[in-house]
Amino acid sequence: MTAPTSSRPRRSEDPAVRSFLRLVSPRSVTAAPGEGGPAPLLVAAVDDLPELPGDAFVAALSRETSAGARVLAYHGRRDDDRGVVLTAALVRSRGLAVMRGRARHDRPLPSVRGPLGAHERLLERTYGLQLAGPPPRRLDDDILDPRDMWFWPAAKGPTAQGRRAEPGQLVDRGPLRLYCRGDRVRAVELRALPERDVEAVLCTRPLGHLPALIETLRGEGSVARAWAHALAIEGLAGGPFDLACAVHRGVGLELERVACHLAGQARLARAIGFGVGAAEHERLHAVVRDLLMRLCGSRHGHGHVRPGGVREPIGAARLADVRATLADFRDAFAGCSADMMGLRSVLDRLDGVGAIARRDAHDLGLVGPPARACGLPHDLRRDLPGELYRRHALDVFVEYDGDCLARASIRAREIEAAVAWILACVAEAVGARPTALAGLAPRHLAIAAVEGARGPIVHLLETDRDGRLLDYRAQDPGMFAWPGLAAALRGGSLTDLQVCGHSFDLSLAHDGRGAR
Amino acid sequence: MLTVLRGPRPAPRALPDPRAAVTPGLAGLPVLKDSSCPTACSACLPACPAQALARTSTAVALDLGRCVFCRDCAAACPEKHITFGPEHRLASATRRGLVVGPERRAPPPVAADAALRRRFGRSLKLVRAVLGGCDGCDCELRACGDGHFDMGRWGIEWVDEARGADGLVVFGPVEAEADDEQLRRTWAAIGGPRLLIATGACAIGGGPHRLGPARARGFFAENAPQLYVPGCPPHPLTFVDGLLDLLGAP
């Protein structure tokens with residue numbers, strides 16, 4: 001069952017919120033000009049942020065998550081021999097908030113796990129931080145028994161006895177290691193693969209090079225990443241807010257969302273053998289990518305967003321092109337989606353496959369469409385609407401079954417909603433112009449968040465006392481999707497591997513490495 | 001399924017002939033004006049995030065193998081000597097052919113290889129070597145085989161296993177020794193004769209995120225690609241056209 005939730009954020013006046021906000025500088029929460037309200041950008045002076053000791057920081061973070069705050073980013077920066085500076089960005093009903101702490105190398109940092117598990121694993125891997133507390137709960141332990149391991153050496157090659165790799169075997173696909181008995185997946189391990197730390201390179205490059213570099217970072221979603229980068233840079237430089245510019249960027253973002261969802265639907269249709277639906281989704285995917293190319297020169301939206309404004313303004317010809325193309329697209333997609341989501345064989349194949357309960361989704365820290373398919377209404381366009389989405393609200397859809405069918409249904413509805421949103425407000429994008437930006441404010445922290453096709457994309461920038469970039473963290477939602485896929489596969493059939501992977505918009509041909 | 005079959009006929013192919021297709025709006029082949037640049041001007045060079053531009057005596061030369069097509073150089077040029085046209089046919093059979101400038105306005109057309117045509121002209125199975133990166137190349141290469149661009153009509157298909165492939169398509173940054181090792185293993189698993197294609201700015205030129213001179217890339221020193229497909233990411237038609245030119249397909 002699907003129900004659009006209100007796009008208006010809930011207001012909360014509970015004391016926990018107020019006590020938390022007291023920890024934060026009064027200059028820390030920056031709202032968009034206008035009536036104020038939750039904005040997807042936070043700029044704070046570093047000197048105004050209290051730096052809590054590691055234990056107190058984790059205790060406060062734990063209290064906030066228990067009280068309902070959602071952690072968007074939990075990041076560390078190595079600070080010579082004095083330890084690691086911890087920064088957490090949280091979404092509360094009042095907007096973005098930030099906490100700072102310091103972990104020391106000689107003392108273990110308490111762990112919170114749960115929704116923060118993915119962040120903490122990254123902190124452990126990246127900075128070698130010791131996290132105290134119970135080890136992460138291995139969901140495999142209760143169902144893995146020695147029989148599952150009997151034959152796995154045979155999977156490497158037949159021995160002299162001609163032992164076969166069944167009924168128990170080990171299957172490696174991408175970063176997943178599946179322990180199977182027959183075709184049943186008994187346990188799943190998510191392997192940490194080597195990553196490239198390109199974010200360290202970002203701080204060494206001139207500011208003008210960064211947009212092009214950001215657009216080619218890991219994961220799909222160049223427009224979303226470039227927008228988050230531009231928001232943060234404009235926040236640090238004190239750039240003015242321009243609604244036409246925001247609508248221009250929003251049009252690119254929604255086109256990118258439509259394209260990513262269409263590609264995912266096509267791959268899902270092909271994985272279940274529904275070739276007719278796959279071909280039509282692929283055709284529509286090309287239509288949307290080509291429209292994005294006519295707007296900015298790139299099928300992936302490179303160059304659509306630049307700090308300070310836009311580079312290719314939308315004029316009358318482009319406006320007419322967008323309207324005509326999307327009007328045709330809307331009719332074609334309605335038929336195509338009805339064919340796919342209304343077909344009994346498709347529903348039977350997807351229903352109940354790779355289901356994740358709402359509570360598990362919360363504990364795993366799922367984001368984006370997979371989270372909304374489990375009943376978690378997490379969407380930054382609703383939680384942190386800013387000026388743009390407050391004027392042009394966008395419905396957020398949730399499903400409650402958490403299976404592949406729910407994930408496919410969410411994507412189909414989001415495509416329709418995105419096209420309707422573009423058609424409703426694209427006229428306001430006309431007239432967006434670039435503006436010159438001043439230098440970055442020294443010793444400031446900026447956190448910008450944009451809801452991409454696969455979830456929130458969060459960029460965290462910090463400047464030093466000369467106004468140069470000291471730290472850059474570009475967080476991709478893919479880091480939350482892989483644990484979700486592992487949980488969805490556990491206990492299911494090995495034949496559902498491709499279907500589940502495509503329902504999370506993850507490619508198993510890929511080994512899970514990004515450019516990081 | 002019967003409902004679908006009984007329903008209205010699906011839309012006709014959007015690209016009935018990809019060889020004749022054009023890409024209006026694409027930021028494709030750079031157009032460098034004939035007029036010479038002022039002697040002291042080098043405004044475009046520091047604007048390039050990929051170090052793809054070099055100053056010649058009278059103008060600039062642009063290495064398409066490194067270019068990420070961000071067009072920051074066009075915005076930085078005070079004389080407006082650099083623009084990007086919609087031409088998508090950018091593939092080259094040689095690395096040197098990717099450098100455009102006053103002497104060469106566009107990469108030379110890919111010459112058909114008779115031996116490759118005889119062997120792979122009717123059926124060519126390709127495997128993609130994924131080395132990370134932004135996934136843009138992966139998305140566009142997959143699109144080459146989908147129902148829209150449909151390179152399968154020339155018998156060219158993607159396969160999952162190197163052992164069943166005739167050629168290797170490399171994309172993503174080749175930076176570490178482990179990448180070279182992975183490429184060597186994959187290359188060795190393909191029985192000869194075989195085809196090697198380098199795709200995208202990361203695989204051809206090291207990518208915009210490289211720290212300096214390439215530390216690895218020994219694989220490409222040992223095995224020269226037969227086809228270079230530049231772009232960031234390359235348009236699907238760039239890949240399809242370059243490959244068909246190499247195979248001598250009509």
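A residue is called buried when its relative accessible area is under 20%, and exposed when it is over 50%. The structure is a predicted model.

**Exercise 1. Backbone and burial at B:Asp135**

Task: State where B:Asp135 lies in chain B, what is notable about its phi, and whether it is buried or exposed.

Solution:
- Step 1. B:Asp135 belongs to the loop that runs between strand 6 and helix 4 of chain B.
- Step 2. Its phi is near 80 degrees, a positive value in a residue that is not glycine. Most residues other than glycine have a negative phi.
- Step 3. The relative accessibility of B:Asp135 is 18%. The cut-off for burial is under 20%, so B:Asp135 counts as buried.

**Exercise 2. The helix after that loop**

Task: Determine how many residues of helix 4 of chain B are buried.

Solution:
- Step 1. Helix 4 of chain B covers residues 136-144.
- Step 2. Buried residues in helix 4 of chain B include the cysteines B:Cys137, B:Cys139 and B:Cys144. B:Asp138, B:Glu140 and B:Arg142 are also among the buried residues of this helix, as are B:Gly136, B:Leu141 and B:Ala143.
- Step 3. The count for helix 4 of chain B is nine of nine residues buried, and the helix is mostly covered.

**Exercise 3. The faces of helix 5 in chain B**

Task: Compare the span of helix 5 of chain B with the expected one, and find how its buried residues are arranged around the axis.

Solution:
- Step 1. Helix 5 of chain B (residues 177-189) has 13 residues. From first C-alpha to last it reaches 19 Å, close to the 18 Å expected at 1.5 Å a residue.
- Step 2. The buried residues in helix 5 of chain B are B:Asp179, B:Asp180, B:Leu183, B:Thr186 and B:Trp187.
- Step 3. Viewed down the axis of helix 5 of chain B, these buried residues fall within an arc of 130 degrees, so they line one face of the helix.
- Step 4. B:Glu177, B:Ala178, B:Arg185 and B:Ala188 are exposed on the other side of helix 5 of chain B.
- Step 5. The cover over the buried residues of helix 5 of chain B includes strand 6 (124-130), strand 8 (167-171), strand 9 (195-199) and helix 7 (218-222) of chain B.
- Step 6. B:Trp187, buried in helix 5 of chain B, is also part of a cluster: ring pairs link B:Trp187 with B:Phe219 and B:Phe220.

**Exercise 4. An aromatic pair at B:Phe69**

Task: Classify the ring pair of B:Phe69 and B:Phe84, and say which parts of the chain it links.

Solution:
- Step 1. The whole structure holds seven aromatic pairs over all chains. In one of them, B:Phe69 and B:Phe84 have ring centres 6.1 Å apart and planes at 65 degrees. An angle over 60 degrees counts as edge-to-face, and B:Phe69 with B:Phe84 is such a pair.
- Step 2. B:Phe69 is in the loop between strand 3 (60-63) and helix 2 (72-76) of chain B, while B:Phe84 is in strand 4 (residues 82-84) of chain B. The two are 15 residues apart, and the pair links distant parts of the chain.
- Step 3. With 7% relative accessibility, B:Phe69 counts as buried. B:Phe84, at 17%, counts as buried too.
- Step 4. B:Phe69 has a phi near 55 degrees, a positive value in a residue other than glycine.

**Exercise 5. A cis peptide bond**

Task: Find where the residue that follows the cis bond from B:Cys232 is placed.

Solution:
- Step 1. The peptide bond from B:Cys232 to B:Pro233 is cis, with omega near -10 degrees. Most peptide bonds are trans.
- Step 2. B:Pro233 lies in the loop between strand 10 (227-229) and helix 8 (236-247) of chain B.

**Exercise 6. A buried glycine in chain A**

Task: Describe the surroundings of A:Gly402.

Solution:
- Step 1. A:Gly402 is located in the loop between strand 12 (396-398) and helix 16 (404-425) of chain A.
- Step 2. Its relative accessibility is 0%, so A:Gly402 counts as buried.
- Step 3. Leaving out residues up to four places away in sequence, A:Gly402 touches A:Gly354, A:Ala355, A:Ile356, A:Ala373, A:Cys374 and A:Arg407.
- Step 4. A:Ile356 is 46 residues from A:Gly402 along the chain, yet their C-alpha atoms are separated by 5.0 Å.

Definitions and conventions
Residues are numbered from 1 along each chain as its sequence is written. Chains are lettered from A and ligands numbered from 1 in the order in which they are written. This is a predicted model: local features need pLDDT of at least 70, side-chain atom pairs count only at pLDDT 80 or more; totals for chains, interfaces and linings use all residues. Side-chain values use heavy atoms; hydrogens and water are left out. Rings of Phe, Tyr and Trp (its six-membered ring) pair if their centres lie within 6.5 Å; planes under 30 degrees apart count as stacked, over 60 as edge-to-face and the rest as tilted. Helices (H or I, at least four residues) and strands (E, at least two) are DSSP runs, numbered from the N terminus. Buried means under 20% relative accessible area, exposed over 50%, partly exposed in between (1.4 Å probe, protein chains only). The expected span of a helix is 1.5 Å times one less than its number of residues. The arc is that of the directions from the helix axis to the C-beta atoms. Contact means heavy atoms within 4.5 Å.
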